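Hi everyone, thanks for coming. I have one structure to walk you through today, so let me put it on the screen.

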Amino acid sequence: EAGLPPSAARKAAVADLEAVHAAEMARRDGKLPERALRGPWVRALKRNELHRQGAQLAQSWRELANSCGAPWSDIALHLAWFQRAAGHPNRAIETARDFWRSKAPASQTEIAMLATVEAAAWIDRFERKGGAPPDLVEARRAAAKAYAISPTDPEIQTVYQRLKAAEAGPG
C-alpha cells in the first residue's frame, strides 16, 4: 500500500492473502459464503488485481446461489466487474443481462453499479471491435439506467465521457 510503512504494507498484504485463501477454500468446499464475507474477499482480489481468479470465484458463487435460490445481486455485480477487468466484456454484458432477466431483487445502488459496469463493457466491446453503432446504443441505454439512479457518481461520469469520445470517433 502506497504511503504505508513497510511493516503496515506487509500486514495488509498478509490480510489480503488470508482473505483470498479463505475465499478459495470456501469455493473448493462448494460453500456459498455469507454476503458479509464476500465483500472483503472481493476487495482483496481487486487490490491485488486477481481479476481472473475473482471471475472464477464469483462464477462459482453465482452457480451456488442459483442452485439454492439465494439472492445474488452482489454476486452479479462482482462477476460482471471481474469479467470486464479480466478483458472479457462480452461475458460481463451477458452476466448483466442474465441478472436483469432473472428479475432478482437488488438495491438501487447495486442496479446503478451493475448498469455502469455493463455500459463500460459495451464501450470496451465497441473499442475492441472497431466500432459497431449498436454497441454504443446499448452502452447509452445501460448508462442511462445508472445515471437515473446516481447522476453524480464519478464512475458513471467517466462512462459518459468514454461514450461521448467513442461516439465522436477517432481524431
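**A walk through the helices**

Reading along the sequence, you get the pattern α-α-α-α-α-α-α-α. Please keep in mind that this is a predicted model. The count is eight helices and zero strands.

Let's begin with the overall form. Along the principal axes, the C-alpha atoms fill a box of roughly 45 × 45 × 30 Å. What radius of gyration does the chain have, next to that of a compact globule? For 171 residues, a compact globule would be near 16 Å, and the chain has 17 Å, so the two agree. Of those 171 residues, 41% count as buried.

How do the contacts spread along the sequence? Taking contacts between residues at least 6 apart in sequence, 61% join residues at least 24 apart.

Now a word on the surface. The chain exposes about 9500 Å², and carbon and sulfur atoms supply 55% of that area. As for charges, there are 25 positive and 20 negative ones, and their mean positions are 1 Å apart.

On to the inside. Which residues have the most contacts within the largest nonpolar core? That core has 45 residues, and the answer is Trp72, Phe99, Trp100 and Leu114. Each helix supplies at least two residues of this core: α1 (6-28), α2 (35-47), α3 (51-68), α4 (73-85), α5 (89-102), α6 (108-129), α7 (133-149) and α8 (154-168). The helix that gives the most is α6, with 10 residues.

If you'd like one core residue to click on, try Phe99. Setting aside residues up to four places away in sequence, Phe99 touches Trp72, Ser73, Ala76, Ala104, Pro105, Ala106 and Leu114. Two of the names from a moment ago, Trp72 and Leu114, are in that list.

Let's stay with α6 and look at two of its residues, Thr116 and Asp124. Thr116 is buried, because its relative accessible area is 7%, under the 20% cut-off. Leaving out neighbours within four places, Thr116 is in contact with Ala146, Glu155, Ile156 and Val159. By the helix ranges, Ala146 falls in α7, while Glu155, Ile156 and Val159 fall in α8. And how far apart are Thr116 and Ile149 in space? C-alpha to C-alpha the distance is 11 Å, with their positions 33 residues apart in sequence.

Then there is Asp124: buried or exposed? At 14% relative accessibility, Asp124 counts as buried, because the value is under 20%. Apart from its neighbours within four places in sequence, Asp124 is in contact with Arg84, Pro89 and Arg162. Going by the ranges again, Arg84 is in α4, Pro89 in α5 and Arg162 in α8.

Last stop, the loops. Where do we find Glu49? Glu49 sits in the loop between α2 and α3. Its phi is near 55 degrees, a positive value in a residue other than glycine. Glu49 is exposed, since its relative accessible area of 61% is over 50%.

Lys103 is in the loop between α5 and α6. Lys103 is not a glycine either, yet has a positive phi of about 55 degrees. With 73% relative accessibility, Lys103 counts as exposed too.

That's my tour, and I'm happy to rotate the view for anyone who wants another look.

How values were computed: Residues are numbered from 1 along each chain as its sequence is written. This is a predicted model: local features need pLDDT of at least 70, side-chain atom pairs count only at pLDDT 80 or more; totals for chains, interfaces and linings use all residues. Side-chain values use heavy atoms; hydrogens and water are left out. Helices (H or I, at least four residues) and strands (E, at least two) are DSSP runs, numbered from the N terminus. The radius of gyration is taken over C-alpha atoms; the globule rule is 2.2 Å times the number of residues to the power 0.38. Buried means under 20% relative accessible area, exposed over 50%, partly exposed in between (1.4 Å probe, protein chains only). Contact means heavy atoms within 4.5 Å. Accessible areas come from the Shrake-Rupley method with a 1.4 Å probe; for residues, only the protein chains shown count as cover. Lys and Arg count as positive and Asp and Glu as negative; His and the chain ends are not counted. The place of a charge is taken as NZ of Lys, CZ of Arg, CG of Asp or CD of Glu. A nonpolar core is a set of buried Ala, Val, Leu, Ile, Met, Phe, Trp, Tyr and Cys residues joined through side-chain atoms within 4.5 Å.
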